[in-house]
Amino acid sequence: MASQESPELIALFTTYTASPDSIGSHLTQATASRTVDDPLIVATGADLALYPGGGQDPSVEGFRLSTRGFKELAGISHLPPALASLVNIRAVRGEGSWQEDGRRLLGQVETARAANSVELWRDTIAVQAYQGREQAIADLIDYSCAVTARYLRTALADESYLNPKTLREDYLAGTGTDEPGVPMNHMMIATFFLTGMDIAHRILRWFDAHQIDWTRAMVVIAGKQGRVTAGVTWNTSSVAAMILGASGRRLPVERIYMAPHAPVFATPQHGDLSEVKALEPTFRAIWNNIRATQELGPLMFDGYPRYVPGGAEAPDLHHGHTEISDMPKIHSADDMLAMVTRLRVVLEDPRQLLSGCVADYAVEQLVANDNDPTRVIVPGLDRVTYPTGR
């Protein structure tokens with residue numbers, strides 16, 4: 001088949017782009033020569049790497065799945081969506097279709113409740129950011145398991161009970177039963193906040209120890225963050241919120257680049273940073289390539305409106321609102337309207353990280369309190385008493 005390309009025009013195309021020796025590549029290299037000594041921060045889905053610049057070795061701080069207490073709290077956080085999933089399985093597949101899963105969940109809930117104790121949280125899991133709150137956390141878990149088990153036993157005895165109305169009223173809102181209870185909505189907020197507070201506390205402390213010049217910092221958030229559609233913009237990324245908080249907002253937002261298709265390094269094992277080191281040129285090239293193109297804008301189109309990142313301020317939420325497009329602003333630790341709305345938003349908005357519904361608020365509160373978790377009010381926990389022994 002005859003060629004359908006023009007070699008002459010293709011050569012013109014590669015003169016500027018798509019070639020290691022192109023003008024575009026030379027522009028990236030020129031831009032990189034200005035930033036070789038600048039600090040570069042790269043976040044993957046589980047770790048943060050800091051490349052100080054000037055050929056210095058990187059350092060890595062893990063977060064999320066590798067941290068103590070994360071999975072234990074996540075198991076409790078996920079009890080309400082687990083029950084909601086059973087409600088939908090019954091609605092889609094009919095009577096009896098959910099019961100095997102329901103009995104399995106009930107067994108695991110009872111086992112987890114028996115294993116839970118203040119000693120477990122204080123002496124075994126022993127998260128520094130939770131010190132002084134171990135009894136409250138153990139009480140929250142005991143109560144959450146008890147209420148979940150009660151709901152499951154009732155539904156297994158009469159599956160007509162397993163429906164959206166009882167889930168919302170008797171369980172999530174805690175208003176439909178004869179005895180007063182703590183809404184499981186509060187539990188979800190508390191557990192998500194605790195996880196975000198622990199991660200943010202360690203990351204803020206780590207950044208502070210490195211004395212970063214935030215005005216020169218380069219940030220790449222690489223690869224998958226949570227579910228495949230989530231965290232692809234800076235204002236839907238809890239990692240971006242942590243980095244901005246650590247900088248005291250000195251880091252310009254336009255120096256954060258979301259790179260979902262960038263390569264990532266595996267979590268280093270036994271202190272081996274060889275893969276992290278090997279990827280530094282790649283990460284710096286990604287940042288500098290984007291920056292080089294951005295800098296053409298004011299050069300070419302001075303006098304036209306310039307781009308500024310949007311969404312810097314979360315929208316306010318008021319009673320009567322029926323729709324919202326972004327996570328609403330949280331005004332205080334008692335603002336359950338905003339926080340529970342965020343629980344709905346992170347489920348319905350595919351851009352959001354499920355576990356990040358209050359992570360930015362946790363960062364904000366830590367920064368306001370000199371990174372001291374004991375001075376932070378944990379919503380859904382510190383001003384709530386979870387009855388135990390039910």
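These are my notes on a pocket and a strand in this predicted model.

**Ground rules.** Local features need pLDDT of at least 70 and side-chain atom pairs count only at pLDDT 80 or more, while totals for chains, interfaces and linings use all residues. Residues are numbered from 1 along each chain as its sequence is written, and side-chain values use heavy atoms, with hydrogens and water left out.

**Strand S4.** I looked up S4, residues 218-222 (a strand is a DSSP run of E, at least two residues; a helix is a run of H or I, at least four). I found 5 of its 5 residues buried (under 20% relative accessible area, 1.4 Å probe, protein chains only), so S4 is largely enclosed by the rest of the structure. Met218, Val220 and Ala222 cover one side, and Val219 and Ile221 are buried on the other.

**Its neighbours.** S4 pairs with S1 (residues 40-43) in the parallel sense over 4 bridges (pairing takes at least two DSSP bridges). Ala43 has Ile221 as its bridge partner in S4. I also see S5 (residues 256-259) running parallel to S4, joined by 4 bridges; there, Val220 partners Tyr257.

**The pocket.** I then checked the largest pocket, and it holds about 1100 Å³ of space. A pocket here is an open set of points on a 1 Å grid over the protein atoms alone, where a 1.4 Å probe fits, with protein on both sides within 12 Å along at least five of seven lines; lining residues have an atom within 4 Å of a point. Of the 37 lining residues, the closest to its centre are Pro81, Met188, Leu343, Val346 and Leu347. Helix H4 (79-93) gives the largest share of the lining, 7 residues.

Terms used
Grid points are joined across faces, edges and corners, and a volume is the space filled by probe spheres set on the points. Buried means under 20% relative accessible area, exposed over 50%, partly exposed in between (1.4 Å probe, protein chains only).
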